[in-house]
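Hello,

Here is the structure I promised to pass on to you. Please have a look at it, and then read my notes below.

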Amino acid sequence: VTALADAVDLRHHGDAELAPGLLDAAVNVRLPGPPRWLRAELVASLDSLGSYPDPEPARAAVAARHGRDPAEVLLTAGAAEAFVLLARALRPRLAACVHPSFTEPEAALRAAGHPVARVVLPEPFRLDPTAVPTDADLVVLGNPTNPTSVLHPAATLTALARPGRVLVVDEAFADCVPGEPESLAGRGDVPGLVVVRSLTKTWGLAGLRIGYLLAARALVDRLAEAQPRWSVSTPALVAACACSRPAAVAEASAAAVQLAGCRDHLSTRLAGLPGLRVVADPAASFLLVHVPDGPGLRAELRARGIAVRRGDTFPGLGPSWLRVSVRDRPTNDRVVAAFRAALTRPLDRRIRA
Ligand SMILES: Cc1ncc(COP(=O)(O)O)c(C=O)c1O
């Protein structure tokens, strides 16, 4: 556990790796844009832009999707806004962020002036509840976790809950897991639990900004007090309704099954390359890969038209780690071919960025 912000850039994200012409194996959004049926609903929603947004239908839809009460739902401008609301509304004596993980929660807590302890899990990045300081009254972690792709068992997560502690589980990638067996989204019985969800990854909506959190009613009310009025736009609320319908949930689940096949294929092929190690049992839409020379390999891949996500801006990882998005099979094959070429036939080092 470290209480210091060491020198990593918590605000670096995969989109910074992109440039025109590069194949994107860096960003975790799974579609280039929303599916046609969803796009049609978004377009239709533009007719009501003259009115202020009403979140209640979306609240009811999200509540029904997770078997919760609408009062236990707060719609947010992406999962990212949920982390800012938590940082604004709560006054933790000690927040603990479990790493390596998505860095916005820690960035938001630090920006609000809260003390943050880092709990750094060693490889293979499985959660050890005893590593979390007992006096942490706010604990944040992801499931499945970005960037490790590790899925923690629900029981290991709930072991962290206790009276007087807020336990935030970032489930931005939960719908990558068919049937979502380890999700806590439906659990109204766990004290202090806040589940944060995103609709931007699976549905290709990163530019729309839509997510939500699920928590006990009193906590939802407190977080809502910290939220700017009308923070979530009408099209974003329409997306939340649409993506909560049983047919959409079934579509996401089918996509998760397909993802698993593509991920196994990519993982096996990358693991077969010289010097590469893929973190075991990935559950999300990306793989974490250990390589002999991260900066060199990343530059070689860029020179071959492929952007991957550097690992060294995640606390607990170093320059030897890269995160690779799982795409469709032909795209994954291109990525593997570029890795193979970069590892076996390096280009002139002078072209490296
Ligand atoms: C683990 C995790 N949580 C949350 C987010 C933010 O999602 P949103 O686009 O809904 O703000 C991301 C985005 O990369 C993420 O990786």
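**Around the ligand**

A backbone N or O atom of Ala 79 lies 2.7 Å from an oxygen atom of the ligand. Please keep in mind that this is a predicted model. Two side chains also place polar atoms by ligand oxygens: for Thr 200, an N or O atom of the side chain is 2.8 Å from an oxygen atom of the ligand, and for Lys 201, a polar side-chain atom lies 2.6 Å from an oxygen atom of the ligand. On its own the ligand has 400 Å² of accessible area, and the protein covers 90% of that.

In case you want to select the surroundings in your viewer, the residues around the ligand are these:

- Gly 78, Ala 79 and Ala 80
- Phe 102 and Asn 146
- Asp 170, Ala 172 and Phe 173
- Ser 198, Thr 200, Lys 201 and Arg 209

**Backbone details to check**

Some of those residues come up again when you look at the backbone. Arg 209, one of the residues around the ligand, has a positive phi of about 70 degrees although it is not a glycine. Arg 209 sits in the loop that runs between strand E7 (193–198) and strand E8 (211–214).

Asn 146 is also among the residues around the ligand, and the peptide bond from Asn 146 to Pro 147 is cis, with omega near 15 degrees. Pro 147 belongs to the loop between strand E5 (138–142) and helix H5 (154–158).

There is a cis peptide bond from His 99 to Pro 100 too, where omega is near -5 degrees. Here the proline, Pro 100, is found in the loop between strand E3 (95–99) and helix H4 (104–111).

**A helix pair**

Finally, how do helices H1 and H7 pack? Helix H1 (residues 36–45) and helix H7 (residues 234–244) make an angle of about 145 degrees, and their axes are 9 Å apart. Their crossing is right-handed. From H1, the residues in the contact are Trp 37, Leu 38, Glu 41, Leu 42 and Ser 45. They meet Thr 234, Pro 235, Val 238, Ala 239, Ala 242 and Cys 243 in H7. By type, the residues of this contact divide into 8 nonpolar, 2 polar and 1 charged.

Happy to talk any of this through whenever it suits you.

Best wishes

Technical notes:
Residues are numbered from 1 along each chain as its sequence is written. This is a predicted model: local features need pLDDT of at least 70, side-chain atom pairs count only at pLDDT 80 or more; totals for chains, interfaces and linings use all residues. Side-chain values use heavy atoms; hydrogens and water are left out. Axes are lines fitted to C-alpha atoms, for helices over the stretch in contact, and angles run from 0 to 180 degrees between N-to-C directions. Helices (H or I, at least four residues) and strands (E, at least two) are DSSP runs, numbered from the N terminus. A crossing is left-handed if the near helix is turned anticlockwise from the far one by less than a right angle, and right-handed if clockwise. Contact means heavy atoms within 4.5 Å. Ala, Val, Leu, Ile, Met, Phe, Trp, Tyr, Cys and Pro count as nonpolar, Asp, Glu, Lys and Arg as charged, and the others, Gly among them, as polar. A residue is near a molecule or strand if one of its heavy atoms lies within 4 Å of it. A polar contact is a pair of N or O atoms within 3.5 Å; within protein, one must be able to donate a hydrogen and the other to accept it, and residues adjacent in sequence count only if both atoms are side-chain atoms. Accessible areas come from the Shrake-Rupley method with a 1.4 Å probe; for residues, only the protein chains shown count as cover.
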